[in-house]
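This briefing concerns the internal cavities of one protein model, together with a strand pair and the annotated segments of the chain. Please consult the sequence and structure shown below alongside the notes that follow.

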Amino acid sequence: MGDDNGVTGDLNANMRFQATGDPRLDKAVHQWLAWDKNQCTLAQIQSLVAAARFEDLKSRLCSRMSFGTAGLRAPMGAGFNRINDLTIIQSTQGLFSYLSRYFADFSSRGVVVGFDTRGQEESGCSSQRLAKLTAAVILSRDVPVHLFSSFVPTPYVPYAVKKLGAAAGVMITASHNPKEDNGYKVYWCHGAQISSPQDKEILQSIEEQLEPWSASCWDEELVESCCLRTDPLTQINSCYMDELTSLCFHRDLNRGCPLKFIHSSFHGVGHIFVQQAFEAFGFAPPIPVPEQKDPDPNFSSVLCPNPEEGESVLKLSLLLAEKENTSIVLATDPDADRLAVAEKCDGCGWKVFTGNELAALLGWWMLFNWKENHPDPADTEQVYMLATTVSSKILQALARIERFHFEETLPGFKWIGNRIQELSATGHSVIFAFEESIGFLCGSMVPEKDGVSSAAVVAELAAYLHNKNLSLNQQLHNIYQTYGYHVSKTSYVICNNPPTIHKIFNRIRNFDGEGSYPKTCGGVQVVHVRDVTTGYDSSQPDLRSVLPVSRSSQMITFTLQNGVVATLRTSGTEPKIKYYTEFCAPPGKSDVTSLEEELRKITTALLDDFLEPERNHLIRRCL
């Protein structure tokens with residue numbers, strides 16, 4: 001193919017357009033016009049060329065996607081830094097080449113491919129089509145593909161990778177992102193997402209395989225005619241639901257449960273799978289939100305397809321719950337890997353639990369049932385729970401008292417998934433893991449967050465508590481009374497200008513002079529600073545971060561004298577700067593109002609003094 005990726009001879013002689021004056025852009029435009037066979041995205045670039053919109057062309061064609069916390073993710077549309085037919089083919093060619101070098105038995109193990117319900121008509125692009133093109137690239141090289149025949153929850157792909165012994169898995173999804181986006185999520189043979197250095201090595205392999213290999217790579221009908229393609233849907237769904245019962249501890253109680261549950265799948269994949277999960281636990285199926293149970297790539301009934309946004313996006317669910325006189329609402333995001341929960345409170349509306357609060361409940365519940373079935377205290381000492389470092393420290397508080405192991409990872413469930421595999425290999429049991437953005441894993445069926453299994457587990461927890469005349473919220477406060485109140489705040493600002501993000505974090509690193517981080521926040525002394533981007537940690541004797549250095553993103557954590565932990569980080573999937581604060585109080589300190597007020601002051605200072613939203617033209621969260 002050559003170092004010039006298929007462009008040979010005199011470049012200008014090959015052009016079918018007026019040169020832009022930028023040789024790099026000219027080459028990129030030429031490549032796109034020569035390679036893209038999708039008439040919709042081809043026309044988008046042709047239109048920009050005809051209108052001489054060179055800056056738009058440069059933004060689309062002169063950079064490429066990179067793996068973030070959830071794989072490749074970008075808007076759908078024409079361009080090398082967008083999700084479209086061509087970039088999916090290129091990504092799969094690079095992945096294929098990498099797997100071929102890594103696995104001697106790749107030609108027998110194959111790849112699992114799944115997809116969600118997203119699509120964009122103007123780009124001729126849907127998750128299903130992109131999944132078929134992914135499969136076509138692999139099939140064109142005579143390697144088997146386990147391609148799901150219909151949309152599935154994201155955790156089904158890593159589950160299938162492990163169950164079928166595949167070399168890798170690909171899930172086409174953008175999870176809870178806006179409707180314009182899509183993504184390409186890669187799982188390794190152990191079922192966890194790829195992480196460093198694999199992600200960088202695969203990107204390098206993609207760069208070496210940019211020109212589509214053959215016409216077969218564009219043939220989505222190949223999946224219907226090739227004998228190397230199998231459909232794992234029936235087998236994997238059956239195995240998953242059977243194995244899910246290992247998380248069910250009170251089936252008889254579930255069967256007689258008087259509670260009714262509302263479920264919204266947010267126009268995504270979750271409806272039928274959550275119904276089946278409830279049945280596996282002995283429950284009657286939850287009542288679906290009719291306007292949201294069927295797939296709709298436009299997510300027509302919600303402001304945004306992210307249940308983490310809370311009551312503003314749960315309106316239809318809460319209205320249905322009032323109508324049906326039910327007290328618990330469950331909502332899975334469009335690819336069903338995350339779960340939101342709301343509970344009706346006596347006389348004061350609805351309580352929408354944060355991810356940290358749900359983790360306190362689920363962590364307690366998984367430990368409670370573990371100890372019921374493993375009464376020997378020595379067994380508990382082999383147990384682990386995991387959380388990302390920006391999540392609540394509540395599991396750490398449980399671990400100190402209950403004598404199990406707790407560990408933190410970098411943000412992103414890929415780090416949790418890989419740590420689960422490492423611990424499993426040494427005979428340890430991970431019984432619960434979470435990230436604060438409503439991503440939970442009960443047990444270790446699959447090394448990925450799972451909204452389907454979590455929905456069934458929450459239902460059983462609610463049924464058990466109801467039998468004890470307790471609500472979820474009451475039990476949450478019982479947990480806090482025992483292990484200490486953990487009051488937290490998580491939000492974000494939107495920044496669409498990457499240089500501004502670098503300017504903000506550079507200022508923080510030189511806040512009180514060159515190389516000097518802020519000494520106070522909200523009038524409270526900063527006692528420790530950890531900067532995972534640079535590898536600095538003032539709490540360590542050698543001043544080096546215990547967590548792996550992550551130079552591709554920004555993340556700084558401040559520990560304050562009053563016990564508050566505050567973190568600023570850039571999102572790995574969206575143009576956001578996220579901020580997290582938590583007040584970790586010792587057991588017995590139950591003046592929640594004063595804790596919340598102290599946390600509010602710190603959070604306001606973190607946002608206003610460190611990020612300076614108005615000065616930096618940041619968009620505050622409005623939902």
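The lining of the largest cavity comprises 10 charged, 9 polar and 5 nonpolar residues. The model in which this cavity is found is a predicted one. The largest cavity encloses about 250 Å³ of space, and 3 cavities of 30 Å³ or more are counted in the model.

**Largest cavity**

- In total, 24 residues line the largest cavity.
- Lying nearest the centre of the largest cavity are T69, E435, S437, T573 and K578.

**Second largest cavity**

- The volume of the second largest cavity is about 90 Å³.
- Its lining is made up of 14 residues, and V390, S391, Y580, T581 and E582 are the closest to the centre.
- By residue class, the lining of the second largest cavity holds 8 polar, 3 nonpolar and 3 charged residues.
- Three strands, β18 (486-494), β23 (564-570) and β24 (576-584), each contribute at least two residues to this lining.
- Domain 3 (356-454 + 463-483) and domain 4 (485-620) each provide at least three residues of the lining of the second largest cavity.

**Strands β16 and β17**

- Strand β16 (residues 429-435) runs antiparallel to β17, and 4 bridges join the two.
- Within this pairing, F434 of β16 is placed opposite F440 of β17.
- The two strands form a hairpin with 3 residues between them.
- In the turn of this hairpin, I438 has a positive phi of about 50°.
- Side chains in a regular strand alternate between the two faces of the sheet.
- Is strand β17 (residues 439-442) covered on one face or on both? Both faces are covered: G439 and L441 are buried on one side, and F440 and C442 are buried on the other.

**Annotated segments**

- An unreviewed UniProt entry carries the annotation "domain: Alpha-D-phosphohexomutase alpha/beta/alpha" for residues 65-209, 240-344 and 355-483.
- What are the helix and strand contents over residues 240-344? The chain there is 30% helix and 16% strand, and its end C-alpha atoms are 31 Å apart.
- Over residues 355-483, the chain is 57% helix and 17% strand, with the end C-alpha atoms 18 Å apart.

Note on methods. Residues numbered from 1 in each chain as written. Predicted model: local features only at pLDDT ≥ 70, side-chain atom pairs only at ≥ 80, totals over all residues. Heavy atoms only, no water. 1 Å grid on protein atoms, 1.4 Å probe; cavity = no way out; pocket = protein on both sides within 12 Å on 5 of 7 lines; lining within 4 Å. Points joined across faces, edges and corners; volume = space filled by probe spheres on them. Nonpolar A, V, L, I, M, F, W, Y, C, P; charged D, E, K, R; others polar. Domains from an automatic or database assignment. Buried < 20%, exposed > 50% of the residue type's maximum accessible area, 1.4 Å probe, protein only. Pairing = 2+ DSSP bridges. UniProt positions renumbered as here; feature names shortened; annotations may be inferred.
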